[in-house]
Amino acid sequence: MASMSMSLHAVNHRLTNIPVKQLPSIASCLATSLSNCGELLSAPQNQKSKSESENAVQVHKLMTRLASLLQDKSPEGRWTAVVLVKAVVEAGQWEVLRGCEPFVRGLIGILAKPDPNSTKKMSIVALTRIFHLTYQYPTLVREITTPSLPSFITAALNLISVKPSSEPIRKLKPHTPFLEIVLNALGELIARHPTIFRPFSSQIHSILQVIIGSTSPTFPQTVLDSAERLFISLHHCAPKNTSGEEWRSACQMIIASIHGTADYVLRAIVEQWESLDPALRQASKPQNYSREVGDDGLDTLGLAGWHGLDSGVNRIVVLLQMLSTCLTTATASMVTIPIGSILDLASRLTAVVVPSNGRDVQANPQISRTEREHLFAELPRIHISCMKLLLSLVEALETGAVPLAQTILEQTLWVYRAEKFSQEVRVSAYDLIHALLTRMGPSLTKPGLSSLADMIRTSCHDLLPPAHEHSASAKASSDLKAKAKFNQTTVNADSFLNPGLKQARQSNALPFSGLQRAASGLLAAVLIHAPTEYLSPSLRAEIDRTIILTSNKHAMLASVSNPVPAVQGRGVNASIMPFLARSFPAEMEVEGLIRPRMPVLMNTPGISGFINTEEEEDEEEKEEEEDVPVTVAYTAPEHTGFLQPSSTPILHSDLMDTDVSDKPAAAQNKRSLVEDHKPLPPIRSSTEEAETDVQSKRPRVDSDITAVSSQPSLDRASPSTFTGTAAVSVPSPLTTVTSTPPPRVATVNAPSTGTVGGPLSSSAVAQTTPADAGEDDSDDDLPALNIDPDTEDEAEEEEDETMEG
Amino acid sequence: MLSECFIASTLTSGKVPASASLRDVGICLHEFQPSPNLRSTFKKSSTPANCLAVSPSHVYAAQAEKAIVHVYSREKGNQEAVIPFPERIRSIAIAGSKNGDVLVLGTEGGRLILWETCTGRQVATTASHLSPVTTLVVDLSDNFILSGSSDASIHVWSLIDILSFTKLPSGRDRQPPNSPIRTFSNHRAAITSVAVGHSSSRYNIAVSTAQDNTAIAWDYHTGRVLRTFLMPSSAVSLALDPVDRAFYVGYEDGSVQSVELYKAQSIQHPLHDLSLQSTPAQPSAEDKWSPPSADCGPAHSLSLSYDGMTLLSGHQNGKVLSWNVGRKKYASTVADYTHPVTNLLMLPLAGLSQPAHELKRVAHTIVKPRYDSTLSESSHAAGAVPADYTFSTHLLTSTSSKSTTTSERTNQFTEAFTHAFFPVSMIEEGLAELAAFNQPGASTAQLSPVVTQAANDEDLAAKDSHIASLENEIATLKKKATADNAARQLTTGEVTKLRSDLVNLHDYINELHQMQDQAQKQKVLRQARKEERETRKREAWFAAEKKGKKGDAVLRRMDAEETAQTSDSDDQNSDE
């Protein structure tokens with residue numbers, strides 16, 4: 001606090017003593033120290049103590065100085081004041097806001113003064129911020145926002161437009177530098193103060209119409225975006241309870257306007273589409289085919305006419321964007337999204353595609369071929385916007401889009417097949433299919449997924465240009481030599497001289513990051529959501545290859561987590577887990593996947609105990625046996641039922657499980673759950689005699705092993721020695737770990753120590769008696785460190801396979 | 001603040017609740033943590049088990065012995081609608097857990113009705129169950145519905161396929177539309193409860209209990225049995241651990257039991273261990289967690305807290321008990337609603353910051369179902385979305401689509417807006433502008449950029465054209481200048497040539513002058529000689545005359561001499 005009052009003092013000193021002309025250069029430093037004094041500025045000012053009152057004096061001094069600076073003669077002074085006002089308001093919150101009425105007046109005054117552009121821009125931002133911050137305090141809204149917001153709106157509108165008459169219409173000033181910032185500011189405020197904006201809504205509307213409707217000098221995309229957003233937000237100003245209606249009519253006017261424009265733009269072909277909406281069916285007007293394509297009159301939205309195909313396409317693109325803005329902008333209340341009309345529109349626009357082999361488009365004979373070709377060249381742009389609109393729809397509706405998903409999927413694939421030559425079309429299609437897959441992926445049927453195969457393959461190629469290309473070209477050239485000697489074709493000589501060149505260039509030629517992002521997103525979505533059993537093996541191999549070569553961690557994780565399901569008659573399916581483990585050995589996800597920390601036990605009370613358990617488990621994995629007493633200490637001495645105590649962690653190998661499990665199943669059809677969890681080899685489960693028999697033989701083995709391993713540690717006994725000494729004959733070579741049980745356990749005669757698993761762990765069986773968990777009081781449980789030999793096998797096989805493929 | 005609530009619904013019984021606040025109450029919203037107390041209630045409802053569904057905005061309660069569903073608004077806290085259906089509803093579930101857009105209803109007649117609460121569309125399936133559908137769940141991916149019936153079978157339905165306007169291309173045999181995609185019939189008696197695991201992947205599991213004292217964990221994507229559990233008695237209710245490590249069952253006698261799925265220290269996931277799948281496991285009856293008193297009645301419903309450490313059970317005598325999962329025993333009685341507690345749903349934590357789970361839209365009111373006419377006449381415009389299909393909702397957040405590359409540019413405003421004062425770029429821009437402002441001639445310069453800018457802008461077009469014309473002029477002038485240049489170069493060449501000619505001519509003239517001079521000199525000389533000769537002749541004549549000799553003869557002699565002389569001199573001259 002002391003340092004704060006000190007820096008506040010310093011700020012005041014500098015503000016008053018340094019010549020105004022030199023203030024701008026230190027304004028940034030002053031603002032920084034002011035925003036660090038937030039606690040001081042926002043402190044209530046009615047405190048009694050001396051230091052507090054001293055601070056209050058300083059704050060008051062600062063405010064007065066700032067207010068006078070705002071009225072300063074020099075532009076430097078005003079500029080500095082604007083910067084500092086914003087800093088003070090942000091830092092001081094309510095305490096400053098309540099006294100900021102003079103600031104607001106001064107800032108609005110600046111907008112009318114011949115100040116530099118940056119001063120005005122910053123004033124707009126600062127004012128918007130003040131109005132924004134006051135919103136949560138009704139008293140401040142009444143005192144500050146309500147009186148001054150109208151004058152701010154007028155001043156801001158005056159910056160970008162002129163009001164010629166008393167009519168509520170404004171004319172846009174050309175080339176004004178403030179357009180974007182004013183639109184953003186209004187857009188920020190309109191939703192919160194709809195009633196204050198209501199008188200201005202028609203003025204704003206007239207400006208926005210010009211911006212959105214202008215075709216020849218088009219505005220930058222950012223301006224268009226903010227204008228569209230503000231246009232949609234105008235529905236907030238609608239009188240009571242009609243905002244939803246207003247929104248809906250805006251939506252429908254946009255849709256109608258697109259239909260109207262499309263009537264002209266698509267005139268070069270005969271459309272097969274027929275609207276589902278009876279109102280639209282007879283709507284198309286007769287056209288004059290001899291004129292250049294264009295629309296003279298105002299359309300449904302009141303946008304000006306346009307001429308030329310490019311302008312028409314631009315208009316459609318802008319309107320489609322606006323429609324998707326409708327779906328991504330917050331609304332005032334409940335609205336009714338006309339999904340049917342939107343999909344109807346989308347089906348009209350996507351029905352017309354660039355003709356490709358097998359799919360011809362019926363041409364309109366009255367229109368010249370050049371216009372038709374021009375239209376085909378422009379079609380991808382329309383389709384890109386269309387797919388973006390559908391993407392916004394899917395993202396806005398989430399589960400509500402489920403009934404539409406299949407319809408949209410088919411529309412997208414239709415466009416994609418015809419226009420995949422365009423990168424932009426591919427990007428949009430990948431994004432859209434990605435969004436759809438997350439909704440409906442699991443219920444994809446086999447034909448549904450195979451219709452996506454082409455797209456998946458192309459996305460692989462987008463990430464990684466096919467490598468076999470130049471061998472093919474080499475082959476083609478050799479063919480040429482053989483067949484047609486006379487036919488001298490020019491062959492790229494560089495590709496012969498430097499075989500690596502072509503491929504290198506191709507992979508470098510695609511720095512188009514959007515495409516890469518979309519393609520890798522699609523691949524991951526396919527792996528995660530689509531039913532993997534329906535993916536053809538070759539396609540799956542291609543996906544795996546692509547994601548390995550591009551080191552796509554997310555997709556690789558997805559591939560490992562969704563392995564190819566086993567099919568009868570085929571070998572073991574490979575997993576790309578080794579690649580993942582090699583590429584990202586230090587990543588948490590990979591660690592969690594390969595060495596799962598699945599908490600098996602939940603017998604500690606409360607959340608904290610539970611978390612402790614996990615930590616302990618981690619420790620145990622490092623320190624193995626030393627932790628046993630600790631575990632006993634923290635686990636609650638509860639009657640744990642069938643939770644099996646095992647005082648020694650056992651590296652358990654389960655290769656035998658399949659062999660053995662049938663026998664006990666046959667022997668005893670119903671086993672208790674307890675036994676089930678630690679299937680005992682038939683020898684032991686049969687008679688106690690056999691058990692003792694084993695026991696009599698066991699100690700020798702144990703002593704052998706303890707002799708070898710002085711530490712109580714995990715040890716890998718060689719299969720030969722193991723099978724030689726164990727009573728159980730093991731048919732296959734196995735890696736087994738025998739753990740030397742601590743003597744304490746042996747004396748306690750804790751049941752079931754180390755009996756988990758198959759007969760392999762029988763080395764530890766020596767001290768065990770058949771489990772009777774019911775009477776078991778000790779419930780210390782150590783999680784087993786499970787090392788999965790299957791996975792390793794699989795991994796190696798996968799490696800082989802990928803090498804081959 | 002973080003708080004955890006549950007919603008419980010009761011079946012009206014003859015008993016009268018002790019407290020006045022619970023009179024006539026059918027559904028209770030109860031805070032469980034941090035301080036257990038009743039938050040709010042909804043009245044006039046009587047729901048049997050599995051007949052309560054909760055969405056973020058609404059509570060749906062199918063009424064016992066009636067063919068109606070009550071809809072309560074959670075925002076307003078009142079009853080919003082009473083929806084009649086053609087058949088009695090025996091179970092309901094919500095699909096689209098985030099927004100709760102689709103309500104799935106299982107009917108007395110064994111079919112499902114799907115009602116899109118935001119559009120009013122209603123789709124019915126085939127009556128594939130032979131008995132009433134008593135339990136319904138929707139999996140986390142919102143793709144599959146599992147319906148259990150008292151005919152001992154569980155059907156798996158594809159939610160997408162039922163709802164989709166365009167039917168999915170099916171690889172299956174010809175089957176009536178809207179029929180189940182799979183049937184699980186390993187149970188031998190009426191299904192009491194079904195639960196699905198908490199995964200959206202295809203390795204998710206389902207657990208079902210039936211009156212034949214079995215509980216089966218199975219894979220609903222394939223219909224494969226993963227594990228069979230022979231329970232000590234018939235389970236009434238079922239809940240699954242949030243991490244799918246265990247499931248909990250409630251029994252007729254009010255006791256509860258946990259069945260852990262991870263027990264064996266197997267290298268494989270125990271459920272996917274083929275060796276164990278054929279063998280049923282038998283949790284022992286002694287492991288049941290016994291209720292505090294014998295008069296609790298059946299545990300109709302079970303629900304787990306967010307952390308999975310506390311189990312809540314609703315009982316016949318109206319009590320809601322909490323059980324400690326770790327200690328495996330009864331912990332406390334949370335509430336007493338007098339009437340049998342038939343449904344118990346734990347609500348997600350309030351106050352947890354989870355951007356991914358934030359609602360992007362909310363439906364304040366539901367759209368009542370209407371009969372979907374397009375479905376019956378499938379021939380008409382097959383698969384098309386009807387034009388009057390609309391979706392009522394309130395969009396909450398302005399999300400800019402991720403694919404817009406222009407977003408960073410628009411962020412200039414938002415960046416400045418949210419900054420503590422102004423971003424560096426803006427400050428620097430301003431400083432530069434101020435510096436430009438202070439150029440010498442400040443007063444005019446001050447005005448010029450701003451004031452004249454507007455003016456400039458307006459007649460910029462005019463200036464443009466002016467500039468164009470000026471440029472044209474310049475071009476022509478340049479052309480002329482080059483032509484001139486060329487011409488000048490040409491003339492200078494000529495002049496130099498003429499000059500040299502002149503010099504030559506001068507030289508020639510000089511030469512001629514010299515020659516003329518010479519010629520004159522010689523002429524004068526000749527004259528002089530001639531005169532001399534004349535004089536000499538005359539003198540000689542005079543002399544001869546004086547001597548008396550004939551002067552003429554002398555003269556003739558002299559002439560002869562002279563011709564010789566002159567010829568000599570002439571020769572000399574010609575030599576010269």
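What follows is a chat about reading strands, turns, helices and domains in this predicted model.

Colleague: Let's start with the layout. Into which domains is chain B divided?

Modeller: There are three pieces. Domain 1 of chain B takes in 4–167 + 178–348 + 359–376 + 389–395, domain 2 covers 418–458, and domain 3 covers 461–575. If you take the centres of domain 1 and domain 2 of chain B over C-alpha atoms, 66 Å separate them.

Colleague: And where does UniProt place the feature "repeat: WD" in chain B?

Modeller: The record, an unreviewed entry, puts that feature at residues 126–159 and 184–228 of chain B. Now look at the model over those spans. Residues 126–159 of chain B are 3% helix and 50% strand, with the end C-alpha atoms 13 Å apart. For residues 184–228 of chain B, the figures are 0% helix and 51% strand, and here the end C-alpha atoms are 13 Å apart.

Colleague: Strands, then. How should I read a sheet, say the one with β12 of chain B? What is the order of its strands?

Modeller: Start with the general idea: in a regular strand, side chains alternate between the two faces of the sheet. Then follow the pairing across. This open sheet has four strands in the order β12-β13-β14-β15 (chain B), paired antiparallel. At its edges sit β12 (133–138) and β15 (182–184) of chain B, each pairing on one side only. From one strand to the next, the twist averages 20 degrees.

Colleague: Can I zoom in on one pair there? Which residue stands opposite B:Val137 in β13(B)?

Modeller: That would be B:Leu146. The pair as a whole, β12(B) with β13 (residues 144–149) of chain B, is antiparallel and has five bridges.

Colleague: Let me try another sheet. Which strands are at the edges of the one with the order β24-β25-β26-β27 (chain B)?

Modeller: The edge strands are β24 (299–304) and β27 (329–336) of chain B, and each has a partner on one side only. It is an open sheet of four strands with antiparallel pairing. Neighbouring strands in this sheet are turned by 25 degrees against each other on average, ignoring direction. Inside it, β24(B) pairs with β25 (residues 310–315) of chain B in the antiparallel sense over five bridges, and B:Ser303 faces B:Leu312 of β25(B).

Colleague: Now hairpins. How many residues lie between β5(B) and β6(B)?

Modeller: For a hairpin, check the two strands, then the turn. β5 (residues 58–62) and β6 (residues 68–73) of chain B run antiparallel, joined by five bridges. B:Val59 has B:Tyr72 of β6(B) as its bridge partner. Five residues lie between the strands, and B:Glu65 in the turn has a positive phi of about 60 degrees.

Colleague: What comes after β6(B) in the pairing?

Modeller: β6(B) also runs antiparallel to β7 (residues 78–84) of chain B, with six bridges joining them. Here B:Ser73 is bridged to B:Asn78 in β7(B). This hairpin has four residues between its strands, and B:Gly77 in the turn shows a positive phi of about 75 degrees.

Colleague: Which non-glycine residue has a positive phi in the loop between β17 and β18 of chain B?

Modeller: Look at B:Asn213: its phi is positive, about 60 degrees, although it is not a glycine. You'll find B:Asn213 in the loop between β17 (206–210) and β18 (214–219) of chain B.

Colleague: Is the peptide bond from B:Gln33 to B:Pro34 cis or trans?

Modeller: It's cis, with omega near 0 degrees. B:Pro34 belongs to the loop between β2 (25–33) and β3 (37–43) of chain B. Those two strands form a hairpin with three residues between them. Six bridges join β2(B) to β3(B) in an antiparallel arrangement, and B:Ile27 is bridged to B:Phe42 in β3(B).

Colleague: Last one, in chain A. Are helices α8(A) and α10(A) roughly parallel or roughly antiparallel, and why?

Modeller: Read the angle between the axes, where under 35 degrees counts as roughly parallel. Helices α8 (residues 117–134) and α10 (residues 179–190) of chain A pack at about 5 degrees, with axes 10 Å apart, so α8(A) and α10(A) are roughly parallel. The α8(A) side of the contact is A:Lys121, A:Ile124, A:Thr128, A:Phe131 and A:His132, and the α10(A) side is A:Ile181, A:Val182, A:Ala185, A:Glu188 and A:Leu189. By class, that contact has six nonpolar, two polar and two charged residues.

Notes:
Residues numbered from 1 in each chain as written. Chains lettered and ligands numbered in written order. Predicted model: local features only at pLDDT ≥ 70, side-chain atom pairs only at ≥ 80, totals over all residues. Pairing = 2+ DSSP bridges. Axes fitted to C-alpha atoms, helices over the stretch in contact; angles between N-to-C directions. UniProt positions renumbered as here; feature names shortened; annotations may be inferred. Domains from an automatic or database assignment. Parallel < 35°, antiparallel > 145°, perpendicular 65-115°, else oblique. Contact = placed C-beta atoms within 7 Å. Nonpolar A, V, L, I, M, F, W, Y, C, P; charged D, E, K, R; others polar.
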